[in-house]
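Okay, thanks for coming, everyone. I'll walk you through one structure today, so have a look at the screen before we start.

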Amino acid sequence: MKNKSLYTMPGVECRGRWLRTLLAAGMLLTLALVQGCSSKTDNDAQAASATPRNVSLTTDQRKSIHLYTVAPSQFRKTVDSTGAVDFDNEQATSVLAPFSGPVSRLLVSPGQKVKKGEPLAEVDSPDFAAAVSTYVKAIVTAKNARRLADADKDLVQHNGVSTREAEQAQTDAANAEADRDAARQALVSLDVDPQIIKDIQAGRAVSRIQGIIRSPITGTVAEKLITPGQLLQAGTTPCFTVADLSRVWVMTQISASELASVSVGDSAQVETGTASTSLDGTVDNISAVVDPDTRAVIARVVVENPRGLLKKQMYVRVRIQARQPSSGLLVPVSAILRDDENLPFVYAVQPDGSFARQHVTLGSRTGDQYVIPEGLKSGDQVVIDGAIFVQFMQSQ
């Protein structure tokens, strides 16, 4: 018991625990103070970075930038969009089979130009043959009925036939001639060659006639929808699409926010991306309904297409310019920069000659300028050439 260590004595042991507790508390206090200082430093740095300082340039540095004085200007609003080319439905038609039967021969290919009435395909059609036969019979019947009616007319004067019989003969002749004219009209509606109709009327023999599908308009064969041997159904089978491609429609989508800037009669420029020149057009219709998929409104632009550059379903860029002038503050596109949050700003000259970031609201783009609804006022000076240089100096 007399050899016990000093550290195992009750008084000394209590003092050791007290010293260790005191040291731990001191370390915690020191750590808290260090963290507090560090947090304050970080907050100060963040605040400094959130508010960029103004930029001051030397006389030589100012020579590398150009300023623009903001002032009210007259301009015409423009709307940029995309569109798809379509046929002008007033100059395009789907050619349906005028009679039934199998296709025997195709006479044209897609892309080929045709004139109104030009043959497109031949068809072995029983309907066609029946129509020709009906007309031949109707001509003979009408001729005989008229001859008998004329004979009865002479006989009634000599009491050879009764007046009632003569009148019936005249009625029969008139009915036969009406049937003849109807049979002829049926051939015309089937686009039978007029020379063949004349030969039938003259009583000349005609060779075996095939049904001919003819072009109803002058234009270009845009689509061929049938093949040899295919069985056609009269009035229902689409055979060809013929269109006059000298003028086309461009269907472009206008967002709800830009709809007020577009009116019927506005001019438009259409670019294909493959040609060096743009084509002029005019807005001639704005849809009364909203597309349920895109929530946009379809505007129709009529474009003259004399060289055939625009093809159906081709995607194009469309720029529509309003006819009515507007006024506002315009700033060149080169003055607009974006911050870390992608918000647009300009560098504006301050009263002390320095340059400061000034956030703006971008309106519609007109050529190489933006309309600025908010953020600037008349008389402000902004950097238009050299804004990137000012931004670099601000980051130093």
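When I say helix, I mean a DSSP run of H or I with at least four residues, a strand is a DSSP run of E with at least two, and both are numbered from the N terminus. Now the small print. What you see is a predicted model, so local features need pLDDT of at least 70, side-chain atom pairs count only at pLDDT 80 or more, and totals for chains, interfaces and linings use all residues. Residues are numbered from 1 along each chain as its sequence is written, and side-chain values use heavy atoms, with hydrogens and water left out.

Let's begin with the helices. Two packed helices are described by the angle between their axes and the distance between the axes. The axes here are lines fitted to C-alpha atoms, for helices over the stretch in contact, and the angles run from 0 to 180 degrees between N-to-C directions.

So, how do H3 and H4 pack? Helix H3 covers residues 126-157 and helix H4 covers residues 163-189; their axes are 7 Å apart, at an angle of about 160°. That makes H3 and H4 roughly antiparallel. For that word, the angle has to be over 145 degrees; under 35 is roughly parallel, 65 to 115 is roughly perpendicular, and the rest is oblique. The crossing of H3 with H4 is left-handed, meaning the near helix is turned anticlockwise from the far one by less than a right angle, while clockwise would be right-handed.

What sits in that contact? Between H3 and H4, the contact residues divide into 16 nonpolar, four polar and 10 charged. Nonpolar here is Ala, Val, Leu, Ile, Met, Phe, Trp, Tyr, Cys and Pro; charged is Asp, Glu, Lys and Arg; the others, Gly among them, are polar.

Here's one residue to find on H3: Asp 152. Asp 152 counts as buried because its relative accessibility is 18%. Buried means under 20% relative accessible area, exposed means over 50%, and partly exposed is in between, using a 1.4 Å probe and protein chains only. Along the chain, Asp 152 is 15 residues from Glu 167, and their C-alpha atoms are separated by 8.5 Å.

Next along is helix H5, residues 194-201, which packs with H4 at an angle of about 160°, with the axes 10 Å apart. H4 and H5 are therefore roughly antiparallel as well, and H4 passes H5 in a right-handed crossing.

On to the rings. A pair of aromatic rings is described by the distance of the centres and the angle of the planes. The rule is that rings of Phe, Tyr and Trp (its six-membered ring) pair if their centres lie within 6.5 Å; planes under 30 degrees apart are stacked, over 60 edge-to-face, and the rest tilted. How many aromatic pairs does that give? The count is one. The partners are Phe 345 and Tyr 347, edge-to-face, with 5.4 Å from centre to centre and 85° between the planes. Phe 345 is buried, at a relative accessible area of 0%, and Tyr 347 is buried too, at 1%.

There are also charges over rings, where NZ of Lys or CZ of Arg is within 6 Å of the ring centre and within 35 degrees of the ring normal. Arg 300 lies over the face of Trp 249, 4.1 Å from the ring centre. Arg 365 does this with Tyr 370, at 5.8 Å from the ring centre.

Now some loops. Most residues other than glycine have a negative phi, and most peptide bonds are trans. Arg 295 isn't a glycine, yet its phi is positive, near 60°. You'll find Arg 295 in the loop between strand S14 (279-286) and strand S15 (297-304), and it is exposed, with a relative accessible area of 56%. Asn 342 also has a positive phi, about 65°, and belongs to the loop between strand S18 (337-338) and strand S19 (344-349).

One last spot: Arg 105, in strand S5 (residues 101-106). Buried or exposed, or in between? Arg 105 is partly exposed, at 44% relative accessibility. Its C-alpha is separated by 8.2 Å from that of Gly 229, although the two are 124 residues apart along the chain.
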